[in-house]
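Visitor: I have the model open and would like to go through how its helices and strands are put together. Where shall we start?

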Amino acid sequence: MAYSEKVIDHYENPRNVGSFDKDDPSVVTGMVGAPACGDVMKLQLKINESGIIEDARFKTYGCGSAIASSSLVTEWVKGKSVEEAASIKNTDIAEELALPPVKIHCSILAEDAIKAALEEYKTKKA
Ligand code: FES
Ligand code: FES
């Protein structure tokens with residue numbers, strides 16, 4: 001299958017790959033897996049006291065579209081509030097990367113990773 005240019009760009013030059021120290025109190029982690037294919041995505045967000053996402057890292061064991069989706073999402077969330085980040089939809093990701101229908105679940109994985117990380121944020125704050 002042909003990947004779009006944006007997918008190839010993110011795949012070849014992934015942004016914000018890596019991990020933060022999970023013991024850093026400002027760091028939350030979202031770890032999700034895709035039942036359809038077994039791919040796994042870890043997204044970490046560094047969130048300041050005002051609820052602004054200052055930085056993001058990802059590690060994805062998966063296909064090119066999953067790597068591109070997570071790379072894109074780390075760029076999108078930076079500087080956003082947690083509320084704004086929570087409103088990022090997989091359809092936005094799929095559209096930006098021009099993902100074909102069989103690769104939609106890869107973008108869903110990225111949306112789920114954001115949600116999982118923000119879930120931890122809520123739990124930590126409570
Ligand atoms: Fe990676 Fe789907 S398992 S291509
Ligand atoms: Fe499963 Fe891409 S093929 S995440």
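Guide: This is a predicted model, and a good place to begin is helix H5 (residues 104-125), which lies across E1 and E2 and runs at about 140° to E1.

Visitor: OK, and how many bridges join E1 to E2?

Guide: Strand E1 (residues 27-33) and strand E2 (residues 40-47) run antiparallel and are joined by seven bridges, with threonine 29 standing opposite glutamine 44 in E2. The two strands form a hairpin with six residues between them, and in the turn glycine 38 has a positive phi of about 85°.

Visitor: What's the strand order in the sheet?

Guide: The order is E1-E2-E3 in an open sheet of three strands with antiparallel pairing. E1 and strand E3 (53-61) stand at the edges and have a single partner strand each, so one side of each is left without a neighbour in the sheet. Neighbouring strands are turned by 15° against each other on average, direction ignored.

Visitor: And what holds for E2 and E3, bridge-wise?

Guide: Eight bridges join E2 to E3, and isoleucine 47 stands opposite isoleucine 53 in E3. Helix H2 packs on the sheet, where H2 touches E2 and E3, and its direction makes about 175° with that of E3.

Visitor: Switching to helices: at what angle do H2 and H4 pack?

Guide: Helix H2 (residues 64-77) and helix H4 (residues 90-97) pack at about 110°, their axes 10 Å apart, and the two are therefore roughly perpendicular to each other.

Visitor: Which residues make that contact?

Guide: H2 contributes Ser65, Ala68, Ser69, Leu72 and Val73, while H4 contributes Ile93, Glu96 and Leu97; the residues of this contact divide into five nonpolar, two polar and one charged.

Definitions and conventions. Residues numbered from 1 in each chain as written. Chains lettered and ligands numbered in written order. Predicted model: local features only at pLDDT ≥ 70, side-chain atom pairs only at ≥ 80, totals over all residues. Axes fitted to C-alpha atoms, helices over the stretch in contact; angles between N-to-C directions. Helix = DSSP H or I, 4+ residues; strand = E, 2+ residues; numbered from the N terminus. Parallel < 35°, antiparallel > 145°, perpendicular 65-115°, else oblique. Contact = placed C-beta atoms within 7 Å. Nonpolar A, V, L, I, M, F, W, Y, C, P; charged D, E, K, R; others polar. Pairing = 2+ DSSP bridges.
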